[in-house]
Amino acid sequence: NREREQQQQQQQEQHITMPDVKTCLPMVKAMILLDSEGKRITVKYYTKEWASSVKEQSNFERSLFSKTARTNARGEPEIIMFDN
């Protein structure tokens with residue numbers, strides 16, 4: 001019994017835990033559609049961090065537009081990952 005308990009304990013210590021799902025999967029925090037001038041057509045924020053103020057949302061959208069305005073997505077839609 002003692003030997004069996006030690007084996008079980010060793011197996012538990014060697015058990016590799018899976019990383020938290022939130023840390024290993026990309027997460028969509030917002031869907032933003034802006035016109036050619038950077039004005040909001042429609043947006044959907046999925047996290048509470050952006051729901052706090054419209055001013056913060058507007059600043060983020062301006063920043064996003066200024067960094068992506070030179071891309072050419074005329075033929076096909078583009079998906080952009082953006083870290084602010």
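Two strands pair if DSSP finds at least two bridges between them. The legends below begin with the whole chain and then turn to close-up views.

**Figure 1. Overview of the predicted model.** The model shown here is predicted. The protein has 84 residues, and 13% of them count as buried. Its secondary structure comes to 3 helices and 2 strands. Read from the N terminus, the order of elements is α-α-β-β-α. About 8100 Å² of the protein is exposed, and carbon and sulfur atoms supply 50% of that area. Take contacts between residues at least 6 apart in sequence: 20% of these join residues at least 24 apart.

**Figure 2. Confidence along the chain.** Mean pLDDT for the protein is 76. A value of 70 or more is reached by 67% of the residues. Which elements have the lowest and the highest mean pLDDT? Helix α2, residues 21–24, has the lowest, at 63. Strand β2, residues 40–45, has the highest, at 90.

**Figure 3. The hairpin of β1 and β2.** Strand β1 covers residues 30–34. Strands β1 and β2 pair in the antiparallel sense, over 5 bridges. Look for two of the residue pairs. A30 has Y45 in β2 as its bridge partner. L34 has R40 in β2 as its bridge partner. Between the two strands of the hairpin lie 5 residues. G38 in this hairpin takes a positive phi, near 85°. In a regular strand, side chains alternate between the two faces of the sheet.

**Figure 4. A salt bridge between strand β2 and helix α3.** How many salt bridges does the structure hold? It holds 1. The side chains of E61 and R40 form this bridge, with a distance of 2.7 Å from N to O. The pair links distant parts of the chain: R40 sits in strand β2, E61 in helix α3, and they are 21 residues apart. Are the two residues buried or exposed? E61 counts as buried because its relative accessibility is 6%, and the cut-off is under 20%. R40 has 39% relative accessibility, so R40 counts as partly exposed. R40 also appears in Figure 3, as the bridge partner of L34.

**Figure 5. A nonpolar patch around Y46.** Which residues form the nonpolar patch on the surface? They are V28, M31 and Y46. Together they have about 330 Å² of accessible area. Y46 is placed in the loop between β2 and α3. Its relative accessible area is 47%, so Y46 counts as partly exposed.

**Figure 6. T47, a buried loop residue.** T47 lies in the loop between β2 and α3, and that helix spans residues 54–68. Why does T47 count as buried? Its relative accessibility is 12%, and buried means under 20%, so T47 meets the cut-off. What does T47 contact, leaving aside neighbours within four places in sequence? T47 is in contact with M27 and K29. Compare this view with Figure 5: Y46 is partly exposed, whereas T47 is buried.

Technical notes:
Residues are numbered from 1 along each chain as its sequence is written. This is a predicted model: local features need pLDDT of at least 70, side-chain atom pairs count only at pLDDT 80 or more; totals for chains, interfaces and linings use all residues. Side-chain values use heavy atoms; hydrogens and water are left out. pLDDT is the predictor's confidence in each residue, from 0 to 100. Helices (H or I, at least four residues) and strands (E, at least two) are DSSP runs, numbered from the N terminus. Buried means under 20% relative accessible area, exposed over 50%, partly exposed in between (1.4 Å probe, protein chains only). Contact means heavy atoms within 4.5 Å. Accessible areas come from the Shrake-Rupley method with a 1.4 Å probe; for residues, only the protein chains shown count as cover. Patches are made of residues with over 30% relative accessible area and no salt bridge: like charges are joined within 9 Å, nonpolar side chains (Val, Leu, Ile, Met, Phe, Trp, Tyr) within 5 Å. A salt bridge is a side-chain nitrogen of Lys or Arg within 4 Å of a carboxyl oxygen of Asp or Glu.
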